[in-house]
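Trainee: I should like to request a close look at one part of this structure, namely a patch on its surface, followed by a connected account of what else can be read from the model.

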Amino acid sequence: MFFICFSLKNAFYFRTFVGKMKTKLLVVFFLLWAPSLWAQDPFHRVYDTRFMIPSSEAYDGIQDDDGYLWFSCDHGLVRFDGYQFRNYEIKDGLPENSVFNFRKDDKGRIWVNSYGGKLAYIEKGQIIPYAYNVVLDSFLQAESMTNNTVYVSYWIDKQQQAHIYMKKAGEVLIDSAGHLTTNKQPDHHNLHVMFDQWGKAFFMGPGDLMYDSAVIHLNGKKWSFSLESIRQENKVSRNLFAVQIGEKVLLGFQYSAFLVGRKGIEKIFNSPHYLTTAQIDLRGNIWLLTIGGGVYITDQKLNLLHQYFKDESFSGFVQDHEGGIWLSSLNKGFFYIPTTDHFSISPENGFPNQTITTIAADNSGQLWIAYNNGQIVVTKNGNIKKMDIGLKPFERINEMLFDPCRKRILIATNMRILHTSTHQIHFHQIHSPVEKWKNGYGIKSMSFDEQNCMVWLGYFDAFSNLPALECPDAKKSIERDINERVESISAGENGMVWVGTSSGLYCFDGDSVQFYGGRSPMLRDRIVALKTRGDTLWIGTKGYGLLMLAGDSLRQFSKKDGLPSNSVKSIAFYKQFVLVGTNEGLAQLELSKTGAPLGHIRHRGYREIISREIEKIVVSGNTVFLATKIGISILLNPDKPEPDFEMPLHIREIYVENRPIKKTDHLRLPFKSNNITFEFFGISLIKTGKLTYRHRLLGLEKDWVIDQQIVAQYPFLPPGSYRFEVEVQHPDGHWSQQPASFSFVVAKPYWREWWFLMLIGLALLLLMHFIAQIYIKYKSRQERMLNDINRYQQDALVSQMNPHFMFNALNTVQRYILENDKTSSSRYLSVFARLMRRILEQAQLPKSSLINEQELLRLYIEMEVARFSSRFEYNIITDPRIDMEKTQVPVFLIQPLVENAIKHGLMNSHKPGKLELRFLVENENDLVCEVVDNGIGRIAAMEISKTLEKTSLGLSILQKRIVLLNQRSDSSISINYIDLYDDDGQPTGTRVILRFPNTVIINNENE
């Protein structure tokens, strides 16, 4: 899009200059031309100044190679990352705050021009002013074009030369050295239309903008055609734009767009509104943006398909990597359209501002909507017809159903059944001898039996068909009390009627009712949706997801299989698909010709359905209506494949020892700087909430860690080569095709480096006659070194705990003595003595039995309970299968976790503390120790620790001991920290999981 900045700057105030009669004729022609337009706008979001963008007057948009969206507007640049907008102004590098058109160059940089004629470019997220803005500004002042100069177009070539086409000066060239030359072309009036490698147009021509002919440069060829016959009143051809369409070009200015081939103009699109630009979307449709007329959508032959946002003014178009369309508005910021196949019905479209209770669609494509105030609205193609059925006091509409045999809509309330023809507005009551209204609830569900042309009714305590008087094709009137609330009902093959109740599934074969809950616990729970297809019954449950019952086979589809939620609310069939509405969105499952499921469950809710909580699904032709409490989403052709895209994912920052570093291809960390943290970020413009990531560090772990955190930290890495990989889960459920990755090396200690070993080798060669003694001494020294390191870790842990703990213990005894509490002081000294004895006994051993370790922990905790005046309580839970005497664990490995939970979690909390130790068995012989507290959580504890001068080394030593133990004994002891939160996101404590693989000895007596 290329336009004169001055005119666009005032475009919000611009209106058509054509006479009233001429405008009326154009509008009439337009309406006759497009009788089949969809009367509603597609579902969209508007981002204006409420979202902290600097201005609602926007001009152009572009997506950079990293996936960020950039918009130009009246008060600077705006960048959107899917989460938030960031504004850029003069202080950030812009030459001026009013900026307009974007262009890319061969280096991947994005250029932008300003109101005063200056240039700048975006590179790696930074805005850099054009080096020769001074040269450009001097030229504009010399030509008296400042404050009124706008580029018709500009582009930067491979030699970094700026080609600029100006309103008065014509062609201007600034080479890479800053030399400026002009070419005003005084002898002819040809407009040259060219395209860069991205398909974006730029122009060259005379300075007065009066063109006699146009020369098209396309795919290495060029041809010309006359413009005299289409010039509008010999006016200046302002606001030029051009779009490449295969071997043709769409050229536009003012009120017309021309489809040009090699033989000249093939078709003209005339608009009653001023055209600002045109672009082609991924489906090949042309979007023509206007001032005051919204946007026209045509095919590539300029046949009109739709007109959206009829009263709006747009100036820029960009389609993002997910297929979403962004329109820059001249007075409302940015319009975001996730997909043009999605429309909505809500109070914003003129519908009642009431809660929707149910919907139904008739054979003519009309949608019937019932509201909680008793009002019914019938709509089709945007036309609204409101009706009132005259509800009685305390009467409400529960369900609606279309009866295709009698071409009528059935309306069930808690007191009666009404019906009306689809082309009438008069309602008639069905006088049924089956009286089920006495409980005040009436009908809960209805279903049409196509084989028998019969309607089945599900009450709150029974089910029946419509009586023979009202349904002459029925053989007899049937009623069955079931004494349970009927949530759903569906007729199947061979006269079978399936009934879903609050307590499970029933089947009625025409004579008797059979309970199916004995076949599976899942069929004994609440069943809220039923649909039959052939001999297969699809069942929607409240907690088990979607069930498929075919004969004696029952198959479950739950959240782990790709379902958005295990709470299903509605089921419908669309062609070969099963549509499943849940409280977390819509799922789509493809079926084979035999009815068997194919492939994975596909999510549909991420395309911005008006609400993720879907109450009912109704299918009418190629349209799917999704009813929610706040509105209705309309999906056109939902079997169309979604755009195939790869979500941008970046490793944004890397920290070593909590300091940011520059990302390099060959990062080598010193042995002692082995604490590394990664920050990463995925860009989704559809799913604006938290994204789900999975990451792993190859060389340390093989399994993925899946969460919604954007940080991964790895402290105390042993020497080795590592590769960090991270992937993001796309909105439809699949993971990144290629992970974002970063490789690095943690260096070995000097005594394990190759040069050191070479020196040892040379020394051995020089001293051959001492080789045996040196080898023995070397191996002995290595063994002693490893033993010393291991023992040092244990001694360090004991030495760290003993002095500090003994001091606190003696203070507690002193407090009891001063309080003259002899009993407490005696008991406390007894526990203290037993604890010291246990510590001294176990300090000499690498491992101890689990019963001894628990005894030590219990003594330690009791000491702390007494010391802190019973501010917390504790509990130790042990799996009875564990042989406490035979199961061995490394000494002093659990105590630091308990100490940390008490000291940093519980003692900093003002609420009563709870500490729980669990010793469990997993995978038959893995011992899992869990330390759970309800303290302030790790984040708050770390903030408090920052204010203290002394930092506890207990956990650091613990981590190093685990690494050494794993290296020494080829084990895989692991520790995992889990932050606990309540429903409001507030911290409620910490769970630490310490896992000892292949450790548990099972107690034979409990087998």
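Which residues form the nonpolar patch on the surface, and how much accessible area do they have together?

Mentor: The model is a predicted one, and what follows should be read in that light. The nonpolar patch on the surface is formed by Tyr-750, Trp-754, Trp-755, Met-758, Leu-759, Leu-762, Leu-765, Met-768 and Ile-771. Together these residues have about 1,000 Å² of accessible area. Helix 4, residues 754–766, supplies the largest share of the patch, namely six residues. Met-768 belongs instead to the loop between helix 4 and helix 5, the latter covering 771–818. Met-768 has a relative accessibility of 48% and therefore counts as partly exposed, since the exposed class begins only over 50%.

From the patch one may turn to a sheet elsewhere in the chain. It is an open sheet of four strands, in the order 50-51-52-53, and its pairing is antiparallel. Strand 50 (568–574) and strand 53 (597–603) are at the edges; each has a single partner strand, so one side of each is without a neighbour in the sheet. On average, neighbouring strands of this sheet are turned by 20° against each other, direction being ignored. Between these edges, strand 51 (residues 577–582) and strand 52 (residues 585–591) run antiparallel and are joined by six bridges. One bridge pairs Thr-582 with Gly-585 in strand 52.

An edge strand of this sheet also takes part in a salt bridge. The side chains of Lys-569 and Glu-613 meet at 3.1 Å, N to O. Because Lys-569 is in strand 50 whereas Glu-613 is in the loop between strand 53 and strand 54 (616–620), the pair ties together parts that are 44 residues apart in sequence. Glu-613 is partly exposed, its relative accessible area being 35%. The contact also belongs to a network of salt bridges that links Lys-569, Glu-613, Glu-615 and Lys-629.

The count of salt bridges comes to 33. Among them is that of Arg-526 with Glu-487, whose side chains meet at 3.1 Å, N to O. This pair links distant parts of the chain, 39 residues apart: Arg-526 lies in the loop between strand 45 (513–515) and strand 46 (527–533), and Glu-487 in strand 42 (residues 486–491). Arg-526 is partly exposed at 26% relative accessible area, whereas Glu-487 is buried at 7%. A further salt bridge brings together the side chains of Arg-406 and Asp-403, at 3.0 Å, N to O. Here Arg-406 is partly exposed, with 24% relative accessibility, and Asp-403 is buried, with a relative accessible area of 0%.

The structure holds one disulfide, formed by Cys-405 and Cys-453, whose sulfur atoms are 2.0 Å apart. Cys-405 lies in the loop between strand 34 (397–403) and strand 35 (408–413), and Cys-453 in the loop between strand 38 (443–449) and strand 39 (454–459), so the pair ties together parts 48 residues apart in sequence. A disulfide is a covalent bond between the sulfur atoms of two cysteines. Cys-405 counts as partly exposed at 38% relative accessibility, whereas Cys-453 counts as buried at 10%. Cys-73 likewise counts as buried, at 1% relative accessibility, and Cys-929 is buried with a relative accessible area of 1%.

Terms used: Residues are numbered from 1 along each chain as its sequence is written. This is a predicted model: local features need pLDDT of at least 70, side-chain atom pairs count only at pLDDT 80 or more; totals for chains, interfaces and linings use all residues. Side-chain values use heavy atoms; hydrogens and water are left out. Two strands pair if DSSP finds at least two bridges between them. Helices (H or I, at least four residues) and strands (E, at least two) are DSSP runs, numbered from the N terminus. Axes are lines fitted to C-alpha atoms, for helices over the stretch in contact, and angles run from 0 to 180 degrees between N-to-C directions. Patches are made of residues with over 30% relative accessible area and no salt bridge: like charges are joined within 9 Å, nonpolar side chains (Val, Leu, Ile, Met, Phe, Trp, Tyr) within 5 Å. Accessible areas come from the Shrake-Rupley method with a 1.4 Å probe; for residues, only the protein chains shown count as cover. A salt bridge is a side-chain nitrogen of Lys or Arg within 4 Å of a carboxyl oxygen of Asp or Glu. Buried means under 20% relative accessible area, exposed over 50%, partly exposed in between (1.4 Å probe, protein chains only). A disulfide is a pair of cysteine sulfur atoms within 2.5 Å.
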